[in-house]
Amino acid sequence: MRVLLSAVWSAASLVAVVVVVHHNEAWPAHLPAQIKGAAWEQGVDEQLQDAASMPQATPAVIEILTAGDDADPALRVDSNRVISMQRLEEIIAEAAESTGLDIDLIRAVVRTESDFRPSVVSSAGAVGLMQVRPVAAVDTASRMSGHKSEWAKRFAERDIADINHEDLLDPQVNVLLGSHYLAHLRERYSSYGEPMALWLALAAYNWGPGNVYRHITSNPHMNNLNDLRWLLNRRAPYETRAFIHRVLERSNMRLETA
(Lines give C-alpha, C1' and ligand atoms only; values in the text may rest on other atoms or scores of the structure.)
Protein backbone atom coordinates (compact mmCIF):
# COMPACT_ATOMS: atom_id res chain seq x y z
CA MET A 1 0.00 0.00 0.00
CA ARG A 2 2.85 2.40 0.89
CA VAL A 3 4.54 1.67 -2.43
CA LEU A 4 1.29 2.34 -4.32
CA LEU A 5 0.73 5.70 -2.55
CA SER A 6 4.31 6.71 -3.26
CA ALA A 7 3.86 5.95 -6.95
CA VAL A 8 0.63 7.92 -7.14
CA TRP A 9 2.24 10.91 -5.40
CA SER A 10 5.20 10.82 -7.79
CA ALA A 11 2.93 10.69 -10.82
CA ALA A 12 0.85 13.62 -9.53
CA SER A 13 3.97 15.67 -8.92
CA LEU A 14 5.20 14.95 -12.42
CA VAL A 15 1.88 16.04 -13.93
CA ALA A 16 1.95 19.30 -11.93
CA VAL A 17 5.46 20.09 -13.15
CA VAL A 18 4.53 19.33 -16.73
CA VAL A 19 1.47 21.60 -16.52
CA VAL A 20 3.46 24.56 -15.20
CA VAL A 21 6.26 24.12 -17.73
CA HIS A 22 3.79 23.62 -20.57
CA HIS A 23 1.96 26.78 -19.51
CA ASN A 24 5.17 28.79 -19.76
CA GLU A 25 6.03 27.28 -23.13
CA ALA A 26 2.86 28.82 -24.53
CA TRP A 27 4.53 32.24 -24.34
CA PRO A 28 6.56 33.47 -27.32
CA ALA A 29 10.31 33.68 -26.90
CA HIS A 30 10.37 37.31 -28.09
CA LEU A 31 8.37 38.75 -25.17
CA PRO A 32 9.31 42.31 -24.16
CA ALA A 33 11.75 42.07 -21.27
CA GLN A 34 9.42 43.79 -18.79
CA ILE A 35 6.51 41.48 -19.53
CA LYS A 36 8.63 38.35 -19.70
CA GLY A 37 10.22 39.12 -16.36
CA ALA A 38 6.90 39.94 -14.74
CA ALA A 39 5.30 36.73 -15.94
CA TRP A 40 8.16 34.35 -15.17
CA GLU A 41 9.18 35.90 -11.88
CA GLN A 42 5.70 35.13 -10.60
CA GLY A 43 5.87 32.30 -8.08
CA VAL A 44 4.38 28.90 -8.87
CA ASP A 45 1.88 29.25 -6.03
CA GLU A 46 0.63 32.58 -7.41
CA GLN A 47 0.49 31.16 -10.93
CA LEU A 48 -1.68 28.29 -9.79
CA GLN A 49 -3.85 30.56 -7.65
CA ASP A 50 -4.41 32.99 -10.51
CA ALA A 51 -5.10 30.22 -13.00
CA ALA A 52 -7.58 28.56 -10.66
CA SER A 53 -9.68 31.73 -10.52
CA MET A 54 -9.92 32.14 -14.29
CA PRO A 55 -12.19 29.88 -16.34
CA GLN A 56 -10.98 28.29 -19.53
CA ALA A 57 -12.33 29.57 -22.81
CA THR A 58 -15.30 27.81 -24.31
CA PRO A 59 -14.99 26.39 -27.85
CA ALA A 60 -17.26 29.18 -29.16
CA VAL A 61 -15.05 31.87 -27.63
CA ILE A 62 -11.88 30.25 -28.96
CA GLU A 63 -13.36 30.08 -32.45
CA ILE A 64 -14.17 33.80 -32.40
CA LEU A 65 -10.71 34.78 -31.21
CA THR A 66 -8.73 32.53 -33.51
CA ALA A 67 -10.73 33.67 -36.52
CA GLY A 68 -9.27 37.18 -36.29
CA ASP A 69 -6.03 38.51 -37.70
CA ASP A 70 -4.61 38.92 -34.19
CA ALA A 71 -4.58 35.20 -33.47
CA ASP A 72 -1.14 33.68 -33.23
CA PRO A 73 -1.10 30.07 -34.49
CA ALA A 74 2.13 29.48 -32.60
CA LEU A 75 0.35 29.86 -29.26
CA ARG A 76 -1.63 27.07 -27.68
CA VAL A 77 -5.36 27.79 -27.80
CA ASP A 78 -6.12 25.79 -24.65
CA SER A 79 -3.95 28.15 -22.60
CA ASN A 80 -6.19 31.06 -23.68
CA ARG A 81 -3.14 32.87 -25.09
CA VAL A 82 -4.28 33.38 -28.66
CA ILE A 83 -2.78 36.84 -29.14
CA SER A 84 0.92 37.59 -29.37
CA MET A 85 2.46 39.80 -26.73
CA GLN A 86 3.84 42.02 -29.47
CA ARG A 87 0.31 42.72 -30.70
CA LEU A 88 -0.92 43.18 -27.13
CA GLU A 89 1.80 45.76 -26.50
CA GLU A 90 0.66 47.66 -29.60
CA ILE A 91 -2.93 47.66 -28.33
CA ILE A 92 -1.87 48.86 -24.87
CA ALA A 93 0.22 51.65 -26.41
CA GLU A 94 -2.79 52.73 -28.50
CA ALA A 95 -5.01 52.78 -25.41
CA ALA A 96 -2.43 54.79 -23.46
CA GLU A 97 -2.20 57.36 -26.23
CA SER A 98 -5.99 57.56 -26.51
CA THR A 99 -6.66 57.97 -22.79
CA GLY A 100 -3.55 59.59 -21.37
CA LEU A 101 -3.09 56.72 -18.93
CA ASP A 102 0.38 55.34 -18.30
CA ILE A 103 1.29 52.28 -20.38
CA ASP A 104 2.54 50.45 -17.31
CA LEU A 105 -0.76 51.10 -15.53
CA ILE A 106 -2.86 49.68 -18.36
CA ARG A 107 -0.56 46.69 -18.69
CA ALA A 108 -0.80 46.05 -14.95
CA VAL A 109 -4.60 46.13 -15.05
CA VAL A 110 -4.65 43.70 -17.99
CA ARG A 111 -2.30 41.33 -16.20
CA THR A 112 -4.19 41.49 -12.91
CA GLU A 113 -7.63 41.15 -14.48
CA SER A 114 -6.96 38.39 -17.00
CA ASP A 115 -3.32 37.25 -16.83
CA PHE A 116 -3.03 38.51 -20.45
CA ARG A 117 -5.72 36.04 -21.59
CA PRO A 118 -8.22 37.65 -23.99
CA SER A 119 -10.89 34.96 -23.69
CA VAL A 120 -11.53 35.00 -19.95
CA VAL A 121 -15.19 35.43 -19.00
CA SER A 122 -16.00 35.69 -15.29
CA SER A 123 -19.09 34.35 -13.55
CA ALA A 124 -20.19 37.99 -13.10
CA GLY A 125 -20.18 38.55 -16.86
CA ALA A 126 -16.92 40.50 -17.09
CA VAL A 127 -15.19 39.78 -20.39
CA GLY A 128 -11.72 39.73 -21.86
CA LEU A 129 -8.34 41.25 -21.16
CA MET A 130 -9.63 44.06 -18.94
CA GLN A 131 -12.74 42.22 -17.71
CA VAL A 132 -15.17 44.73 -19.20
CA ARG A 133 -18.86 44.41 -18.35
CA PRO A 134 -21.60 45.37 -20.83
CA VAL A 135 -22.87 48.16 -18.55
CA ALA A 136 -19.39 49.70 -18.40
CA ALA A 137 -19.01 49.36 -22.17
CA VAL A 138 -22.23 51.23 -22.91
CA ASP A 139 -21.59 53.87 -20.25
CA THR A 140 -18.05 54.50 -21.52
CA ALA A 141 -19.03 54.62 -25.18
CA SER A 142 -21.93 56.97 -24.41
CA ARG A 143 -19.54 59.42 -22.77
CA MET A 144 -17.45 59.36 -25.94
CA SER A 145 -20.24 60.60 -28.22
CA GLY A 146 -17.80 62.84 -30.08
CA HIS A 147 -15.26 60.06 -30.59
CA LYS A 148 -14.81 59.14 -34.23
CA SER A 149 -13.82 55.52 -33.65
CA GLU A 150 -16.18 52.93 -35.06
CA TRP A 151 -16.00 50.80 -31.91
CA ALA A 152 -17.16 53.69 -29.72
CA LYS A 153 -20.12 54.44 -31.97
CA ARG A 154 -21.05 50.76 -32.11
CA PHE A 155 -21.45 50.45 -28.34
CA ALA A 156 -22.94 53.91 -27.78
CA GLU A 157 -25.87 53.08 -30.02
CA ARG A 158 -26.79 49.80 -28.33
CA ASP A 159 -28.74 48.78 -25.25
CA ILE A 160 -26.97 46.92 -22.47
CA ALA A 161 -29.28 43.94 -22.91
CA ASP A 162 -28.23 43.60 -26.54
CA ILE A 163 -24.52 43.21 -25.75
CA ASN A 164 -23.20 39.69 -25.29
CA HIS A 165 -19.79 38.27 -24.44
CA GLU A 166 -18.74 37.95 -28.05
CA ASP A 167 -19.14 41.72 -28.56
CA LEU A 168 -16.46 42.42 -25.98
CA LEU A 169 -13.95 39.71 -26.91
CA ASP A 170 -11.99 41.66 -29.51
CA PRO A 171 -8.68 42.44 -27.72
CA GLN A 172 -8.31 45.94 -29.19
CA VAL A 173 -11.89 46.98 -28.41
CA ASN A 174 -11.72 45.44 -24.94
CA VAL A 175 -8.53 47.25 -23.91
CA LEU A 176 -9.73 50.55 -25.36
CA LEU A 177 -13.06 50.29 -23.55
CA GLY A 178 -11.45 49.25 -20.28
CA SER A 179 -8.82 51.99 -20.47
CA HIS A 180 -11.34 54.72 -21.26
CA TYR A 181 -13.54 53.51 -18.40
CA LEU A 182 -10.58 53.61 -15.99
CA ALA A 183 -9.61 57.07 -17.23
CA HIS A 184 -13.19 58.25 -16.64
CA LEU A 185 -13.14 56.89 -13.10
CA ARG A 186 -9.84 58.59 -12.38
CA GLU A 187 -11.26 61.89 -13.60
CA ARG A 188 -14.37 61.33 -11.50
CA TYR A 189 -12.26 61.25 -8.35
CA SER A 190 -9.77 63.90 -9.45
CA SER A 191 -10.97 66.36 -6.78
CA TYR A 192 -9.29 64.15 -4.18
CA GLY A 193 -5.92 64.69 -5.86
CA GLU A 194 -3.31 62.06 -6.56
CA PRO A 195 -2.65 59.39 -5.54
CA MET A 196 -6.13 59.09 -4.00
CA ALA A 197 -7.85 59.57 -7.37
CA LEU A 198 -6.03 56.54 -8.77
CA TRP A 199 -6.70 54.41 -5.69
CA LEU A 200 -10.40 55.26 -5.84
CA ALA A 201 -10.53 54.67 -9.60
CA LEU A 202 -9.00 51.21 -9.20
CA ALA A 203 -11.39 50.42 -6.33
CA ALA A 204 -14.36 51.50 -8.46
CA TYR A 205 -13.09 49.57 -11.48
CA ASN A 206 -13.04 46.36 -9.47
CA TRP A 207 -15.81 46.93 -6.89
CA GLY A 208 -18.11 49.32 -8.73
CA PRO A 209 -18.59 53.11 -8.29
CA GLY A 210 -21.76 52.56 -6.27
CA ASN A 211 -19.96 50.51 -3.64
CA VAL A 212 -17.11 53.02 -3.50
CA TYR A 213 -19.59 55.80 -2.81
CA ARG A 214 -21.61 53.90 -0.21
CA HIS A 215 -18.66 52.55 1.72
CA ILE A 216 -15.81 54.99 1.06
CA THR A 217 -16.36 58.46 -0.38
CA SER A 218 -19.62 59.16 1.49
CA ASN A 219 -17.74 58.83 4.77
CA PRO A 220 -17.17 62.33 6.21
CA HIS A 221 -13.87 61.26 7.75
CA MET A 222 -12.23 60.36 4.41
CA ASN A 223 -9.77 63.23 3.98
CA ASN A 224 -6.40 61.74 3.07
CA LEU A 225 -4.66 58.59 1.87
CA ASN A 226 -4.37 57.15 5.37
CA ASP A 227 -8.13 57.54 5.82
CA LEU A 228 -8.69 55.85 2.47
CA ARG A 229 -6.42 52.96 3.43
CA TRP A 230 -8.27 52.56 6.72
CA LEU A 231 -11.67 52.52 5.03
CA LEU A 232 -10.55 50.11 2.31
CA ASN A 233 -9.12 47.70 4.89
CA ARG A 234 -12.38 47.70 6.84
CA ARG A 235 -15.05 48.11 4.19
CA ALA A 236 -13.75 46.78 0.86
CA PRO A 237 -13.64 43.05 0.04
CA TYR A 238 -10.28 41.32 -0.09
CA GLU A 239 -10.51 40.99 -3.88
CA THR A 240 -10.66 44.76 -4.30
CA ARG A 241 -7.82 45.44 -1.88
CA ALA A 242 -5.69 42.80 -3.58
CA PHE A 243 -6.53 44.26 -7.00
CA ILE A 244 -5.37 47.75 -5.99
CA HIS A 245 -2.20 46.39 -4.42
CA ARG A 246 -1.27 44.21 -7.39
CA VAL A 247 -1.95 46.89 -10.00
CA LEU A 248 0.13 49.49 -8.16
CA GLU A 249 2.92 47.01 -7.58
CA ARG A 250 2.92 45.69 -11.14
CA SER A 251 2.89 49.19 -12.63
CA ASN A 252 6.04 50.01 -10.64
CA MET A 253 4.27 52.51 -8.40
CA ARG A 254 5.20 52.82 -4.76
CA LEU A 255 2.31 51.72 -2.58
CA GLU A 256 3.19 54.33 0.04
CA THR A 257 2.76 57.29 -2.29
CA ALA A 258 0.83 56.08 -5.35
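I looked up Glu-89 first and found that it forms a salt bridge with Arg-107, with the closest N and O atoms 2.8 Å apart; I take a salt bridge to be a side-chain nitrogen of Lys or Arg within 4 Å of a carboxyl oxygen of Asp or Glu. This pair links distant parts of the chain, since Glu-89 sits in helix H5 and Arg-107 in helix H6 (residues 103–114), 18 residues apart. I note that helices here are DSSP runs of H or I with at least four residues, numbered from the N terminus.

Before going on, I record that this is a predicted model, in which local features need pLDDT of at least 70 and side-chain atom pairs count only at pLDDT 80 or more, while totals for chains, interfaces and linings use all residues. I also record that residues are numbered from 1 along each chain as its sequence is written, and that side-chain values use heavy atoms, with hydrogens and water left out.

I then checked how accessible the two partners are, where buried means under 20% relative accessible area, exposed over 50%, and partly exposed in between, with a 1.4 Å probe and protein chains only. Glu-89 is buried at 18%, and Arg-107 is buried at 10%.

Arg-107 has another partner, Asp-104, and the closest N and O atoms of that salt bridge are 2.7 Å apart. Both residues lie in helix H6, three residues apart, about one turn of the helix. I therefore enter Glu-89, Asp-104 and Arg-107 as linked in a network of salt bridges.

In helix H5 (residues 85–99) I looked at Arg-87 and Glu-90, which are three residues apart and so separated by about one helical turn. They form a salt bridge whose closest N and O atoms are 3.3 Å apart, and Glu-90 is partly exposed at 41% relative accessibility. The structure holds five salt bridges.

I turned next to aromatic rings, where rings of Phe, Tyr and Trp (its six-membered ring) pair if their centres lie within 6.5 Å, and planes under 30 degrees apart count as stacked, over 60 as edge-to-face and the rest as tilted. The count comes to two aromatic pairs. The rings of Tyr-181 and Tyr-205 have centres 5.7 Å apart and planes at 45°, so I log the pair as tilted. Tyr-181 belongs to helix H9 (residues 171–188) and Tyr-205 to helix H10 (residues 196–207), 24 residues apart; both are buried.

For Tyr-205 and Phe-243 the centres are 6.3 Å apart and the planes at 5°, so this pair is stacked. Phe-243 lies in helix H13 (residues 238–250), 38 residues from Tyr-205, and is buried at 3%. My last entry is that Tyr-181, Tyr-205 and Phe-243 form one aromatic cluster.

Terms used:
Helix = DSSP H or I, 4+ residues; strand = E, 2+ residues; numbered from the N terminus.
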